[in-house]
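The following paragraphs explain how the strands of one sheet are arranged and how helices and nonpolar cores relate to them. Please keep the structure in view while reading.

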Amino acid sequence: MSKELKILPPAVYRLARYLLDVGLIEAVSRHPAVFHAVPVSEGQDSYLAHQRSQLNMLFSGLPNRAPVESSEAYHIAFLEGREPIFARVAQDLQKAAQGAKFIVLGLPIGVSQELLLEQRNAVARGVPVYIIVQEYTPENQETIRSWQTQGLTVRVGTPVGFHLLLVDDTISYLMYYEEIDKTKRYAVRIVHKAIHAEFEKIFDSHWKKAKRL
């Protein structure tokens, strides 16, 4: 496999370990290492269970709060796919009045044109947009620099394993990406002030440690 993929054998084992962890393959033997794919339906169930577990682990770190008042507005929705997620974030950003704070991976392909436009529009009407990129490489430097020229405030952080998108003081997006194909995205959109406040603390702690470009 390493010869076919033109990568070192340890990299193949790392990829295989990820597929094992998320339940998409099973080990047949150890010496030599042989794997086979699980049935599609079983693999889907295992992968979704893994994603739910990762999400629960993140929420478990939030401090306990008093029960939500019945009069307090809240909403939770699950989104799948890079373009649908960006389209929904763009809609929220279009109405933003206070600001937006994003922790993103920073792939060279950037974001959708729709979201890029709403980021520029937000800055133009005086709504600040702060972005922490988890990766800063020769391949994405041009993209990141273009964000700066459009008025976005950008810093470089360290990998955290997920995306966090905050709009105003209520809307939060928690987004995961696949290690093998980082363009594949899964997100939960949460409308809730108390949860947003906790996510904002996470962003602010990373912002303080992030480096200026």
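Two strands are said to pair if DSSP finds at least two bridges between them. In this predicted model, strand β6 (residues 153–156) and strand β10 (residues 211–212) are joined by 2 bridges and run antiparallel; they therefore count as paired under that criterion. Within this pairing, Arg-155 has Arg-212 of β10 as its bridge partner.

β6 also pairs with strand β5 (residues 129–133), here in the parallel sense and over 4 bridges. Ile-131 stands opposite Val-154 of β6, and Ile-132 stands opposite Arg-155 of β6. Helix α6 (residues 141–149) completes a right-handed β-α-β unit with β5 and β6.

These strands belong to an open sheet of 8 strands with mixed pairing, in the order β3-β9-β8-β7-β4-β5-β6-β10. Its edges are β3 (75–80) and β10, each of which pairs on one side only. Helix α4 lies across β3, β4 (100–104), β7 (163–167), β8 (171–177) and β9 (185–191), and runs at about 25 degrees to β9.

In a regular strand, side chains alternate between the two faces of the sheet. Which residues have the most contacts inside the largest nonpolar core? They are Phe-102, Ile-131, Val-133 and Trp-147, in a core of 29 residues. Helix α4 (residues 82–94) gives the most to this core, with 5 residues. Another core, of 13 residues, lies apart from it and includes Ile-132, Leu-164, Tyr-176 and Val-188. Beyond its neighbours up to four places away in sequence, Trp-147 touches Val-104, Gly-110, Val-111, Leu-116, Ile-131, Val-133, Leu-152 and Val-154.

Terms used. Residues numbered from 1 in each chain as written. Predicted model: local features only at pLDDT ≥ 70, side-chain atom pairs only at ≥ 80, totals over all residues. Heavy atoms only, no water. Right-handed = clockwise from strand over helix to strand, strands pointing away. Core = buried A, V, L, I, M, F, W, Y, C linked by side-chain atoms within 4.5 Å. Buried < 20%, exposed > 50% of the residue type's maximum accessible area, 1.4 Å probe, protein only. Contact = heavy atoms within 4.5 Å. Axes fitted to C-alpha atoms, helices over the stretch in contact; angles between N-to-C directions.
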